[in-house]
Amino acid sequence: MKAAALRRAVTLGYELRPVLRAHAWLLAIVALHFTLALTLYYRYPAHYRNTMQAEEFLGSLVIGPICALTAYTLYVMLCVRPAHLLRYLGRQLRQYLTRQRLLFALPVLLMMPLFASAFTIIKAAVPLFQPFAWDSQLSQLDAALHGGIQPWVWLQMLFGHPLLTAVINLNYHLWFFIMFATLYWMAFSMEHARLRMQFLLSFVLSWILLGNVLAICFSSVGPCYYALVLGGPDPYAGLLHYLQAADRQIPVLALDVQKLLWNDYKHQIGVSGLSISAMPSMHVASSMLLALLGWRLNRKAGIALSVFALLILAGSVHLGWHYAVDGYAGALGALLIWLAVGKLLPLQKPAPRRLNLLVGGRLVRSVLQRRLP
């Protein structure tokens, strides 16, 4: 029994070596980011009244695959249309989720809760490093770039109807579903090894460099909280008045979330994964990464995800979450990170196209059988 257990352990270790090697840079970046977050967490204990919410982020291990499976099921129902849906899905999943693929996805699956927790801690610390101070400048820049008129006024001509606002609001919240589905699809993908690593590295670096570092440098709350922080004349009063009126006809979920976040911030209720931070827009940045990935896959995916990203940009302004420049900065930052990672990736040892885990396992077992009783 001990010999058999040892053989299995050694075989597993042998199989994991190329997997860990392929993810070395990704794991190193996440580990450094998590270490910094832990330092903040214990340096300012009064600021973080609640736990690190690890249990919520561990739930992402379940939420992510559910989003990916739901997206695939919709694809099968609309495009494949098999006679027996459940039987078809079961057969496809058994063929897809091989031991080789599961081991290859394991580092990404284990790092995501740690990465999400670290990002949340650092984002919640934005006011500690710099109180919200950039809203006035960002608002003025918005007007200067759009003909002396706030961008939400221009968008009001396109989307200023409760039904259209509801569509924009729905698309904005679909972001969570699409982002998670794509992220976990990439985690399990072995067919596009280099593209997969470019996306995963760009995703992690975007949330760190843009969502944490740039958010601290340009600490701001966004149009929906402009009057609450700055006082005085509010250039977004008309937008908020319209959204409240539209909400009475068709619910605008964004308003409820905005109230929740402000209440958390005002009463300092621990760490929230949705802490207030406007510049840059991570909705737009991550949607830009999705569009870039889509264009590398095929033309239809590129067009669909580009339209999605544009609607996310419009929604971020129309729903009062962001200044337009928040979205421009997020999109540009994501593009630059994507290009930089693409340039640097060939300098690293590329992830193996095939990990030949079964062959390696047989080799280890044959060696152990000769050495162990």
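Biologist: What makes α11 roughly antiparallel to α15?

Modeller: Helix α11 (residues 193-217) and helix α15 (residues 282-297) pack at an angle of about 165°, their axes lying 10 Å apart. Angles under 35 degrees count as roughly parallel, over 145 as roughly antiparallel, 65 to 115 as roughly perpendicular, and the rest as oblique. An angle of about 165° falls in the range over 145, so α11 is roughly antiparallel to α15. The angles run from 0 to 180 degrees between N-to-C directions, with axes fitted to C-alpha atoms over the stretch in contact. This is a predicted model, in which local features need pLDDT of at least 70 and side-chain atom pairs count only at pLDDT 80 or more, while totals for chains, interfaces and linings use all residues. Residues are numbered from 1 along each chain as its sequence is written, and side-chain values use heavy atoms, leaving out hydrogens and water.

Biologist: Which residues of α11 and α15 make the contact?

Modeller: On α11 they include Phe199, Phe203, Trp207 and Leu210, and on α15 they include Leu289, Leu290 and Leu293. Contact here means heavy atoms within 4.5 Å. The residues of this contact divide into eleven nonpolar, five polar and two charged. Ala, Val, Leu, Ile, Met, Phe, Trp, Tyr, Cys and Pro count as nonpolar, Asp, Glu, Lys and Arg as charged, and the others, Gly among them, as polar.

Biologist: Why is α10 called oblique to α16?

Modeller: Helix α10 (residues 162-188) packs against helix α16 (residues 299-318) at about 120°, with axes 9 Å apart. That angle fits none of the three named ranges and belongs to the rest, so α10 is oblique to α16. Tyr172 and Trp175 of α10 are among the residues in this contact, as are Phe308 and Ile312 of α16. The contact divides into nine nonpolar, five polar and no charged residues.

Biologist: How do you know that Thr73 counts as buried?

Modeller: Buried means under 20% relative accessible area, exposed over 50%, and partly exposed in between, using a 1.4 Å probe and protein chains only. Thr73 has 17% relative accessibility, so it counts as buried. Thr73 is found in helix α4. Leaving aside its neighbours within four places in sequence, Thr73 is in contact with Leu85 and Leu89. Thr73 and Leu85 are twelve residues apart in sequence, and their C-alpha atoms are 8.6 Å apart in space.

Biologist: What makes Arg81 exposed?

Modeller: Its relative accessible area is 64%, so Arg81 passes the over-50% cut-off and is exposed. Arg81 lies in the loop between α4 (60-80) and α5 (85-96). Its phi is near 55°, a positive value in a residue other than glycine.

Biologist: Why is Trp25 called exposed?

Modeller: At 51%, the relative accessible area of Trp25 is over 50%, so the residue is exposed. Trp25 is found in helix α2 (residues 24-43). The C-alpha atoms of Trp25 and Leu345 are separated by 9.9 Å, although the two residues are 320 apart along the chain.

Biologist: How many helices and strands are there in the chain?

Modeller: There are 18 helices and zero strands. Both are DSSP runs: H or I of at least four residues for a helix, E of at least two for a strand. Of the 373 residues, 48% count as buried.

Biologist: Which residues does a cis peptide bond join?

Modeller: Met279 and Pro280, with omega about -5°. Pro280 lies in the loop between α14 (253-267) and α15.
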